[in-house]
Amino acid sequence: MNNIDKYSDKEWEELASLLSEKSADHVGLLSRFRAEDKYDTLQKWNDLKEIGNDMEIDVDNAWEKLSSRLANEVEIIPDKQRFIRRTFLKVAAAIIILTGVGLGTLYLFSSGALTKNITVITDSTQMNHQVTLPDGSNVFLNRNTIISYRPDFEKKGRHVSIEGEAFFEITPDPYNPFTVSAGESTIKVLGTSFNVIAKDPESSIEVFVSTGKVMLESGGGSQNLIVDPGYVATISSDFSEKKLNTNPNYISWKTGKLIYNGQKLDVVFRDLKNIYNADIIATDPEILNQPITTVFDNEPIETKIRIICVTFNLSYQKDGDTYRLEKK
């Protein structure tokens, strides 16, 4: 899964064809894959082909079953079909390559290894998308975030998994603790609100607690932290720390409010990029050093840019998601 983004959709399809001996082209791609692969995938692939080699594998039928299953089990945000299709094409290709075409997929279905989850995915254009869980807890997803939970959410424990960034507002229930899997770590809460950043499943996660308390535990249990309100904690399998949050704009992507008290425009531009995924370029480095004291409260990004330009006698040009500022 960690190698998914190293290859394009077309390259995954070509790799699947090469490994299933449907194509002899692009052997250079296979050589590259073997050189970068640390999981001995080719050997596992050959071992899988020896299992039940008297069975006739219908690849097309297996793919249809896989895509149909995914379609029935994933809640897709309206008008975002292209992003979802791209994501699951990569995942499906990875499954095919790692487990064997057809045989591995059928085994996963018949054994129940693919549990039926409710999954919500946001793409690069979505921010602050609200998901209300069955217990009434609310989760606000930032861009490019995935959250997943079981349909029997409350019956078998309140548990969700997340990749990306999200803000949680948890409904208190002392008899049914709420847990979040983020990367290789676990967050345990009773009733609280907190922000989670888990961009890379194998790296550290970061948690900011707004209200209540949470307990963080690394994947192997070697690191544990109790985090109080106002603190930011970072934890991984071999490292943990917590410190008081001094950034008033830490969760501005969620609140929509930005507060500045003498910070330089360079800081403002970085915050705007983080929130809106927009690049703001200053043609003169002196622009970046200008201090600003103001409060932005849920205005569109272009309104913020205009306010900055009026304040510092600047003009701007917009090209897509890029704003170029210069002195008048």
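**Exercise 1.** In which strand is E163 found? Work out as well whether E163 counts as buried, exposed or partly exposed, and which residues form a negative surface patch with E163.

*Solution.* The model is a predicted one, and the first step is to locate the residue along the chain: E163 is found in strand β6, which covers residues 158-169. The second step turns to its accessibility, where buried means under 20% relative accessible area and exposed means over 50%, with partly exposed in between. Because the relative accessibility of E163 is 36%, this residue counts as partly exposed. The third step looks at its charged partners on the surface, and here E163 forms a negative patch together with E184, D200 and E202.

**Exercise 2.** Determine in which helix K304 has its place, whether K304 is buried or exposed, and which residues K304 touches beyond those up to four places away in sequence.

*Solution.* Begin with the secondary structure, in which K304 belongs to helix α10, made up of residues 301-312. Next, take its relative accessibility, which is 0%, so K304 counts as buried. Finally, list the contacts: leaving aside residues up to four places away in sequence, K304 touches L258, L272, Y276, F296, N298 and E299.

**Exercise 3.** Describe the chain as a whole by asking how many helices and strands it has, and what percentage of its residues count as buried.

*Solution.* Counting the elements of secondary structure gives 10 helices and 19 strands. Turning to burial, 40% of the 328 residues in the chain count as buried. As a last step, consider the surface, for the chain exposes about 17800 Å², of which carbon and sulfur atoms supply 49%.

Key: Residues numbered from 1 in each chain as written. Predicted model: local features only at pLDDT ≥ 70, side-chain atom pairs only at ≥ 80, totals over all residues. Heavy atoms only, no water. Patch = residues over 30% accessible without salt bridge, like charges linked within 9 Å, V, L, I, M, F, W, Y side chains within 5 Å. Areas by Shrake-Rupley, 256 points an atom, 1.4 Å probe, with all protein chains shown as cover. Salt bridge = Lys/Arg side-chain N within 4 Å of Asp/Glu carboxyl O. Lys, Arg positive; Asp, Glu negative; His and termini not counted. Charge placed at Lys NZ, Arg CZ, Asp CG, Glu CD. Helix = DSSP H or I, 4+ residues; strand = E, 2+ residues; numbered from the N terminus. Buried < 20%, exposed > 50% of the residue type's maximum accessible area, 1.4 Å probe, protein only. Contact = heavy atoms within 4.5 Å.
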